[in-house]
Amino acid sequence: MKTILFVSFSLFFCWPGVSAASRIDSLLVELDHTITHSVLYMEQKENRIARLKEQMNRELSPAKQFEIGYDIIEEHKSYLCDSALTYIEKNLSVAELAREPVWQVKTRLQYAYVLSSAGLFKESEENLNRLSKEWFTPELFIDYYQRREQLYSLWCEYVDDTRFTVELEQKLSAYRDSVLLYLPKDSPAYLFYLSRIALDK
């Protein structure tokens, strides 16, 4: 949202032939629109989480329990790390008891997302290193390379020392290439990673 407001601010105050008062009024309207949609989005997310948690209170098969837990983590992982970690631990237990290695892989990939987002880069890398690719489906390979790409992209932004950034950038480039190998070329995700590669050149 900060990026949207910054761009809007720049455009409105640099636009020729528009009075300062009109620019401010227009900016306030857009600000109100952005906040309204942000609040609505969060309300919808909270409602989805509440419905999922309500389902978790019923008697469920391990598969259904894992599925709902996975969806809860997906809803939480971008903004509530503690809540996401709680359900990650639960889903890892479900996967272990059910002896489902693919479930474990899927949950550890979610775990990597949360760790990288929280700035725990070394822990995220160690978590990803523990994964056994023998259980990977084609979709999990995509997710795996995306988690690697996310990790090294965020890590590069955090580190200022060029002694370390060179190696990180090499890894980032390699995993972006790997993501592109698995993604359909007509998918939005493929175009997204292609654009990121072009911007870095």
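A residue is called buried here when its relative accessible area is under 20%, exposed when that area is over 50%, and partly exposed in between (1.4 Å probe, protein chains only). The model is a predicted one, so local features need pLDDT of at least 70 and side-chain atom pairs count only at pLDDT 80 or more, while totals for chains, interfaces and linings use all residues. Residues are numbered from 1 along each chain as its sequence is written, and side-chain values use heavy atoms, with hydrogens and water left out.

T165 makes a handy starting point. This threonine sits in helix α8 (helices are DSSP runs of H or I, at least four residues, numbered from the N terminus). With a relative accessible area of 10%, T165 is buried. Setting aside its neighbours within four places in sequence, T165 is in contact (heavy atoms within 4.5 Å) with C156 and V159. C156 counts as buried too, at 16% relative accessibility, whereas C81 comes out partly exposed at 26%. Taking a disulfide as a pair of cysteine sulfur atoms within 2.5 Å, the count is zero.

Next comes the nonpolar packing. A nonpolar core is a set of buried Ala, Val, Leu, Ile, Met, Phe, Trp, Tyr and Cys residues joined through side-chain atoms within 4.5 Å. The largest such core has 26 residues, and the members touching the most others are L109, L128, F136, Y144, Y152 and W155. Two or more residues apiece come from α5 (101-117), α6 (121-129), α7 (138-158), α8 (162-182) and α9 (188-200). Of these, α7 chips in the most, with nine residues. Y144 has plenty of company: beyond its neighbours within four places in sequence, Y144 is in contact with L109, L128, L131, K133, F136 and Y175. There is also a second, separate core of nine residues, with L52, I73, A84 and L92 among them.

Helix α4 covers residues 81-97, 17 in number, and reaches 24 Å from its first C-alpha to its last. That is close to the expected 24 Å, the expected span being 1.5 Å times one less than the number of residues. Its buried residues are A84, Y87, I88, N91, L92, V94 and A95. Seen down the axis of α4, they fall within an arc of 160 degrees, so they line one face of the helix; the arc is taken over the directions from the helix axis to the C-beta atoms. The face turned away from that buried side carries the exposed residues D82, E89, E96 and L97. Just past the end of α4, R99 adopts a positive phi of about 55 degrees.
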